[in-house]
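Trainee: Could you walk me through this one, a spot at a time?
Mentor: Gladly, so have the view open and ask as you go.

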Number of protein chains: 2
Amino acid sequence: MTKVHNFSAGPGILPQIAIENSIKAIKNFAGMNLSILEISHRSKQYEAVVAEATQIVKDLLNIPTGYSVLFLQGGASTQFCMVPMNLLDENETAAYLKTGEWAMRATKEAGLFGHVNVVATSENENYNWIPKNYEIPSDAKYFHCTSNNTIFGTEMFSFPETNVPIVCDMSSDIFSRPIDVSKFDLIYAGAQKNMGPAGVTLVIVKDAILGKVTHKIPTMLDYRVHIKNGSMYNTPPVFAIYVCLETLKWVKSLGGVEAMEKLNIAKAALLYQEIDRNPLFKGTCAVEDRSRMNVCFVLENPEKETAFLTLAKERNLEGIKGHRSVGGFRASLYNALPIESVEALVDAMQDFEKLN
Amino acid sequence: MTKVHNFSAGPGILPQIAIENSIKAIKNFAGMNLSILEISHRSKQYEAVVAEATQIVKDLLNIPTGYSVLFLQGGASTQFCMVPMNLLDENETAAYLKTGEWAMRATKEAGLFGHVNVVATSENENYNWIPKNYEIPSDAKYFHCTSNNTIFGTEMFSFPETNVPIVCDMSSDIFSRPIDVSKFDLIYAGAQKNMGPAGVTLVIVKDAILGKVTHKIPTMLDYRVHIKNGSMYNTPPVFAIYVCLETLKWVKSLGGVEAMEKLNIAKAALLYQEIDRNPLFKGTCAVEDRSRMNVCFVLENPEKETAFLTLAKERNLEGIKGHRSVGGFRASLYNALPIESVEALVDAMQDFEKLN
């Protein structure tokens, strides 16, 4: 099979070993002589998968006691409504940092449930930097931010110091670096970047912030229901959670999120160096806010875009076309992307320079 | 690999060809030299999967124009709240038929959104029959029923004639027999019985019933959002939908739901005949309401239960322990279960008779 360099923004590249072990589980799961696609989620063999995946998440992120780890369905987009539904009453205000498309959608959704205070945004500069030094009103019920902006290629490397509970959408950089979970009250992440395939969403929530709203919460959207039932209130996305387990085991085997961070810094540095060196290309974001996960860049001469995409295609560099909101190119360098793929992209950029 | 007879109530048995093709797609999807677990859902190759799966659903069930077919996340349990959220205002009443555990949960959830009128129930006889000849108030916003009760082993073989829109949870018998979709306004089904693996939910909805409530609907819970975006408003459960496509192609290749119904009638008849003939066993449900999908039965002498489960285990008959609400045994005979598995169960029952 031709080696393809997979720069897809998500669903994105997964570790080969996780894919291989998932195939084994589809053929014969846990010695049951049945496929993982057709077994009861109440079997002890599968309950062990959910328990182990939960434990590895706790271990990798060094999660303190008092937090619950959940595997849910519906993607981060469902969290956009679950968060205010569980935390915000109609007469209360939540503070939102609007740093991109997904932050904007989260902000809009919260407006259905209560008041929203957008504390800062970089919207008028096409979200190409991360606002800092904004004020979070002390009476805000929570502060919501997005740690990595997949579309615009910015990442938060520091979080505000505040007494207001912090809720963070970490969909596209979770497990890419260490985080101090104790500084957050709720973290959520769609799996399909650094954790697994599409179809499952990780939630890490401080138990103490729940149960404080006065309105009714539909059962499936109530975090407490899923906590009480260990992510098994209803049939979970069995296979997607299994692939997450295999991916998280791979992260652990390589040295955890600390090791991932080192690799991710090296990969991002290699590509940004070439973007800054190569006279044909330029980055789109403020240097200090450049994402290690999604590297956005354009050509000084946009007319050559198709030519570079053609060259990339010839070199089996897949998924580098930029999002329509930014244009140009976007290379997603998730955990499972080897540095060799970044080297191949840099080679292509240098060869393109020679040709032009 | 030892042949296992998979009577699991769900997630349940899938066609072997669907499993094999799914493995191929994990290795190399659509000639992309990438795994289906790590490709963009916006790739034209994957968009074709969703389009084809949607079309096969329409073909298999002969869905009239004016209906939309959706693949969503969150299981039937999420539909329990999405249905009233989209169809019922606070001052309105919905009629519910309470025929089992899941019907009960759906009923309870609707109560969060408006008034609920339980038109009939068999709760006081442990849901072992399906009520008939109840009245549906003409001013009810909709009537909700459950076509097959997975836990209690009853199935609706006729639906009421009414001018009130009918909403039906078909999770455990969809694609097992022909249905006249034009008689329903909304049908939903968790995939993990007859359609695919856990993690995706089918919704078939008449467009004209939507947009009539006055309250706000969260974006991800609004059917109209998913209709407008062809089930791709956010990242769909990519692999789960692919397995559904392969399973539905298999149904089509065997002759569609008409052929499935013939096979399912034959399988159920074989097992019920043995239950009625064998003096050790008895069925738990009213004969006319016996489900073809989930066959519930007990021993005349419950003390012998463990002995029969041991014999079943020796014969590689898996998943036949009854749900705690009914006890005894439950054999789920979903589409993909071959008649040979039913014959093996009948053999075990006959051998158990000889031993006792």
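**Starting from one residue**

Trainee: Which helix of chain A does A:Gln45 lie in?
Mentor: A:Gln45 lies in helix H2 of chain A, which covers residues 44-60; helices here are DSSP runs of H or I with at least four residues, strands are runs of E with at least two, and both are numbered from the N terminus. This is a predicted model, in which local features need pLDDT of at least 70 and side-chain atom pairs count only at pLDDT 80 or more, while totals for chains, interfaces and linings use all residues. Residues are numbered from 1 along each chain as its sequence is written, and chains are lettered from A and ligands numbered from 1 in the order in which they are written.

Trainee: Is A:Gln45 buried, exposed or partly exposed, and what is it in contact with?
Mentor: A:Gln45 counts as partly exposed because it has 14 C-beta neighbours inside 10 Å, where 20 or more other C-beta atoms within 10 Å would make a residue buried, 12 or fewer exposed, and anything in between partly exposed, with C-beta atoms placed from the backbone. Apart from neighbours within four places in sequence, A:Gln45 is in contact with A:Phe29, A:Ala30 and A:Met32, a contact being two C-beta atoms, placed from the backbone, within 7 Å. A:Gly31 is 14 residues from A:Gln45 in sequence, and their C-alpha atoms are 9.2 Å apart.

Trainee: New topic: how is chain A related to chain B?
Mentor: Chain A superposes on chain B by a rotation of 180° with 0.0 Å of shift along its axis, at an RMSD of 0.0 Å, the fit being least squares on the C-alpha atoms of residues with pLDDT of at least 70 in both copies. The two copies are thus related as by a two-fold rotation axis. The same surface serves both, since 100% of the contact residues of chain A recur in chain B.

Trainee: How many residues of each chain are in contact with the other, and what are they by class on the side of chain A?
Mentor: In chain A, 48 residues are in contact with 48 residues of chain B. Helix H1 (16-27), H3 and helix H6 (238-253) of chain A each supply at least two residues of that side of chain A. By class, the side of chain A that touches chain B has 23 nonpolar, 22 polar and 3 charged residues, with Ala, Val, Leu, Ile, Met, Phe, Trp, Tyr, Cys and Pro counted as nonpolar, Asp, Glu, Lys and Arg as charged, and the others, Gly among them, as polar.

Trainee: And A:Thr219, what is it in contact with?
Mentor: Leaving aside neighbours within four places in sequence, A:Thr219 is in contact with A:Val225, B:Cys81 and B:Glu109. A:Thr219 is in the loop between strand S10 (201-206) and helix H5 (223-228) of chain A, and with 19 C-beta neighbours inside 10 Å it counts as partly exposed.

Trainee: At what angle do H3 and H4 of chain B pack?
Mentor: Helix H3 (residues 75-87) and helix H4 (residues 101-110) of chain B pack at about 35°, with axes 8 Å apart; axes are lines fitted to C-alpha atoms, for helices over the stretch in contact, and angles run from 0 to 180 degrees between N-to-C directions. The crossing of H3(B) and H4(B) is right-handed, meaning that the near helix is turned clockwise from the far one by less than a right angle, anticlockwise being left-handed.

Trainee: Which residues meet there?
Mentor: From H3(B), B:Ala76, B:Ser77, B:Phe80, B:Cys81 and B:Pro84 meet B:Trp102, B:Arg105, B:Ala106, B:Glu109 and B:Ala110 of H4(B). That contact divides into 7 nonpolar, 1 polar and 2 charged residues.

Trainee: Where are the cis peptide bonds at Pro11?
Mentor: One joins A:Gly10 and A:Pro11, with omega about -5°, and another joins B:Gly10 and B:Pro11, also with omega about -5°. A:Pro11 is in the loop between strand S1 (5-6) and H1 of chain A.

Trainee: What about the phi of A:Phe175?
Mentor: A:Phe175 has a positive phi of about 65° although it is not a glycine. A:Phe175 is in the loop between strand S8 (166-169) and strand S9 (186-190) of chain A, and it is buried, with 24 other C-beta atoms within 10 Å.
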